[in-house]
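Here is a short, friendly tour of a protein model. Keep the structure open beside the text and follow along at your own pace.

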Amino acid sequence: MRLKAVLRIAVVLALAGLLTVNVSTFAATASGTVTVWVGSWWEPQIPIAMGMWTKDNPDITLKIEPLPINGYLDKFTASALGGTPPDVIDLDTTWVSTAAAKGLLQPLDDVAKTLDVKDYSPSVWASSQFNGHQYAIPNRASANVFYYNKTVFDKAGVPYPTDNWTYTDMLRVAQKLTIPGQYGVGVAADLSDPSNAMDLLSATIWAFGGDFLTKDETKAAINSPKAVAGLTYWAELYTKYHVAPDGTPNFTTTRDLIPLFEANKVGLITGSSNDFDEFAQHKDLKWGVVLSPSKVNRSGGWTMGVPVGAQNAAGARVFLTWFAKPDNLAKIMNRTPARISAYKIAPWNNPEWAIFGQALRDAKSLPTVGDWAGIQTVIITNAQKILVGQSTPQAAADAMAQQIDAILAKK
């Protein structure tokens, strides 16, 4: 209990500006071992990162531990509350505000001041903040695009989509694609993978001019007429137009939609650069990629923070500033990097990756309020009720708003 009390005091002092840290001082005094927790997809990149780090920082030992995504956030939370966190934690951007609100992350305004903010994807940089402070430094930025299955399109005799299409166009295309044996579009809606579920849902709400919260993020806006119009469009892909497959309410992109796409059963799905890598492995799969309708898409990414209670906070800051260099990001990342200038460096300067840089310019991020995880659960749970016929879009949106306002009131 004494340790937790000290940690809470440290957070309060840091937020008040009473704990000031000079990054150059860290670089001059850091030593020992820096432990970094990352997702399992990092595994093939670890030897690359270790070799580059050892060359540049021989006096500091780097230990990168890849962890499975299942239970990843819970393991970090337990370690932070127990006083045994890593020195650096890689987080999905949608987790940052919740972790910061719980006092699990140290502010990194000192590190942020050393970086060229304009060189980062704006939406991913903003998602790494909470209450006006920087709590993490982005390393990966992903924007959603649409993948189309050429076999499904050719079978239905439908022209491939182009970058200037709209959501009206998408519905029309999905209807034409939906013939016996195949469906027009995949819709993820299962709560087991909330990030998947929010991809298309958020994009349609934004495309219709709506949003989840008011601009000051103090009240729900999900039940406004424009937001409900977007929610209705999303739901009716399944409930009215039947262009999404049976089972949609329980589908995730990774578990369900990608296999259906690869089996030539679904013509369109939205996703990030992860899916590009997946589809490229299937030599018999004929597919293409296009900007999202109306160019409206949800950005995502991963971003690294320093937990409260980190044993080597000085070394952690040295690692973050080192890793943030565009050349290092470009060479180490096996997912689209967060810095725009990294796209000028191999392998990201390959033309096939250019569309993701284009998509980032129009990408929007989800809100960064304290309990976004709880709000997201409310949204997806009520959206599912529309799909299974238990609620209308307006009633579901009103229920969302009521529950969201209750969560925001607690803040």
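## Asp 119, a covered loop residue

Asp 119 has a relative accessible area of 11%, so this residue counts as buried. The model you are looking at is a predicted one. To find Asp 119, go to the loop that links helix H6 (109-112) to helix H7 (122-127).

What does Asp 119 touch, leaving aside residues up to four places away in sequence? Its partners are Pro 326, Ala 338, Arg 339, Ile 340 and Ser 341. With Ser 341 there is also a polar contact between the two side chains, at 2.6 Å.

## Val 117, in the loop between H6 and H7

Val 117 is found in the loop between H6 and H7. Is Val 117 buried or partly exposed? Its relative accessibility is 36%, which means that Val 117 is classed as partly exposed.

Setting aside residues up to four places away in sequence, Val 117 touches Ala 112 and Trp 125. You can also look across to Arg 339: the C-alpha atoms of Val 117 and Arg 339 are 8.9 Å apart, while 222 residues separate the two in sequence.

## Helix H14 and its partner H3

Helix H14 spans residues 313-323, and 10 of its 11 residues are buried, so the helix is mostly covered. Among the buried residues are Arg 317, Val 318, Phe 319, Leu 320, Trp 322 and Phe 323.

Helix H3 (residues 46-56) crosses H14 at roughly 110°, and the two axes come within 12 Å. H3 is therefore roughly perpendicular to H14. Where they meet, H3 supplies Ala 49, Met 52, Trp 53 and Asp 56, and H14 supplies Val 318, Phe 319 and Trp 322. By class, this contact of H3 with H14 holds 6 nonpolar residues, 1 charged residue and no polar ones. The three H14 residues named here, Val 318, Phe 319 and Trp 322, are also on the list of buried residues of that helix.

## Helices H11 and H17

A second helix pair is worth a look. Helix H11 (residues 225-239) packs with helix H17 (residues 372-387) at an angle of about 45°, and their axes are 9 Å apart. Why are H11 and H17 called oblique to each other? Their angle of about 45° falls outside the ranges for roughly parallel (under 35 degrees), roughly perpendicular (65 to 115) and roughly antiparallel (over 145), so the pair is oblique.

The crossing of H11 past H17 is right-handed. From H11, the contact uses Leu 231, Trp 234, Ala 235, Tyr 238 and Thr 239, and from H17 it uses Ala 383, Ile 386 and Leu 387. In this contact of H11 with H17, 7 residues are nonpolar, 1 is polar and none is charged.

## Backbone details to check

Most residues other than glycine have a negative phi, and most peptide bonds are trans. Here are some places to compare with that.

Asn 131 is not a glycine, yet its phi is positive, at about 50°. This residue lies in the loop between strand S4 (129-130) and strand S5 (133-134), and Asn 131 is exposed, with a relative accessible area of 60%. Ser 294 also has a positive phi, near 60°. You will find Ser 294 in the loop between strand S10 (287-290) and strand S11 (297-305), and at 38% relative accessibility Ser 294 counts as partly exposed.

Finally, the peptide bond between Ala 346 and Pro 347 is cis, with omega about 5°. Pro 347 sits in the loop between helix H15 (326-332) and helix H16 (354-362).

Definitions and conventions. Residues numbered from 1 in each chain as written. Predicted model: local features only at pLDDT ≥ 70, side-chain atom pairs only at ≥ 80, totals over all residues. Heavy atoms only, no water. Buried < 20%, exposed > 50% of the residue type's maximum accessible area, 1.4 Å probe, protein only. Helix = DSSP H or I, 4+ residues; strand = E, 2+ residues; numbered from the N terminus. Polar contact = N/O pair within 3.5 Å; in protein donor to acceptor, adjacent residues only side chain to side chain. Contact = heavy atoms within 4.5 Å. Axes fitted to C-alpha atoms, helices over the stretch in contact; angles between N-to-C directions. Left-handed = near helix turned anticlockwise from the far one by under 90°. Nonpolar A, V, L, I, M, F, W, Y, C, P; charged D, E, K, R; others polar.
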